[in-house]
Amino acid sequence: MTLRLTAHTVSTDTDDGAVLLSRRTGAYWQLNQTGAYALRRLLDGHTVGQVAEEFSAHFGIAEAEARQDLTAMTDRLCTSGLVEAG
């Protein structure tokens, strides 16, 4: 599954990560640096599995845990209408 921002979503990097804003609803999400990095990787075409593997190696966490966290984040962003599967 690849992700992309919806047509009405604006993403802005911040010192602490990133903010996603829906120009349609006014809803926004603030992501910390790790979440922003993960989202950028996913938007660049990497899979959840690839990013989970990278996080597992970098942070020393179980790949299954990283995958679960990434899936939860992407599911919530999709449900909120800020990103969509492509």
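Reader: What share of the 86 residues of the chain counts as buried?

Author: In this predicted model, 34% of the 86 residues of the chain count as buried, the word being reserved for residues under 20% relative accessible area.

Reader: What makes the radius of gyration agree with that of a compact globule?

Author: A compact globule with 86 residues would have a radius of gyration near 12 Å, and the chain has 13 Å, so the two values agree. Along its principal axes, the C-alpha trace spans about 40 × 30 × 20 Å.

Reader: Which elements make up the secondary structure, and in what order do the elements run from the N terminus on?

Author: The chain comes to 3 helices and 5 strands, and from the N terminus on these elements run β-β-β-β-α-α-α-β.

Reader: Why is the pair of Arg4 and Glu84 called a salt bridge?

Author: The closest N and O atoms of Arg4 and Glu84 are 2.9 Å apart, and the rule asks for a side-chain nitrogen of Lys or Arg within 4 Å of a carboxyl oxygen of Asp or Glu, so the pair qualifies. Arg4 belongs to strand β1 (residues 3-5) and Glu84 to strand β5 (residues 83-85), so that the salt bridge links distant parts of the chain, 80 residues apart.

Reader: Why are Arg4 and Glu84 called partly exposed?

Author: The relative accessibility is 43% for Arg4 and 31% for Glu84; buried requires a value under 20% and exposed one over 50%, so both residues fall in between and count as partly exposed.

Reader: How do you know that Arg40 and Asp13 form a salt bridge?

Author: Their side chains meet at 3.3 Å, N to O, which lies within the 4 Å that the rule allows. This pair also links distant parts of the chain, with Arg40 in helix α1 (residues 33-43) and Asp13 in strand β2 (residues 9-14), 27 residues apart.

Reader: Why is Asp13 called exposed, and Arg40 partly exposed?

Author: Asp13 has a relative accessible area of 54%, which is over 50%, and therefore counts as exposed, whereas Arg40, with 37%, falls between the two cut-offs and is therefore partly exposed.

Reader: What makes the pair of Arg41 and Glu54 a salt bridge, and which parts does the pair tie together?

Author: The side chains of Arg41 and Glu54 meet at 3.1 Å, N to O, again within the 4 Å of the rule. Arg41 lies in helix α1 and Glu54 in helix α2 (residues 48-59), so the pair ties together parts that are 13 residues apart in sequence. Arg41, at 23% relative accessible area, is partly exposed, as is Glu54 at 25%, because neither value is under 20% or over 50%.

Reader: How many salt bridges does the rule give, and how many charged side chains does the chain have?

Author: By this rule the count comes to 4 salt bridges, in a chain that has 7 positive and 11 negative side chains, the centres of the two sets lying 9 Å apart.

Reader: Why is Asp16 called exposed, and which residues does Asp16 touch?

Author: At 51% relative accessibility Asp16 passes the cut-off of over 50%, and therefore counts as exposed. Not counting residues up to four places away in sequence, Asp16 touches Leu31, Asn32 and Gln33, these being contacts with heavy atoms within 4.5 Å. The C-alpha atoms of Asp16 and Thr47, by contrast, are separated by 24 Å.

Terms used
Residues numbered from 1 in each chain as written. Predicted model: local features only at pLDDT ≥ 70, side-chain atom pairs only at ≥ 80, totals over all residues. Heavy atoms only, no water. Helix = DSSP H or I, 4+ residues; strand = E, 2+ residues; numbered from the N terminus. Buried < 20%, exposed > 50% of the residue type's maximum accessible area, 1.4 Å probe, protein only. Rg over C-alpha atoms; globule rule 2.2 N^0.38 Å. Lys, Arg positive; Asp, Glu negative; His and termini not counted. Charge placed at Lys NZ, Arg CZ, Asp CG, Glu CD.
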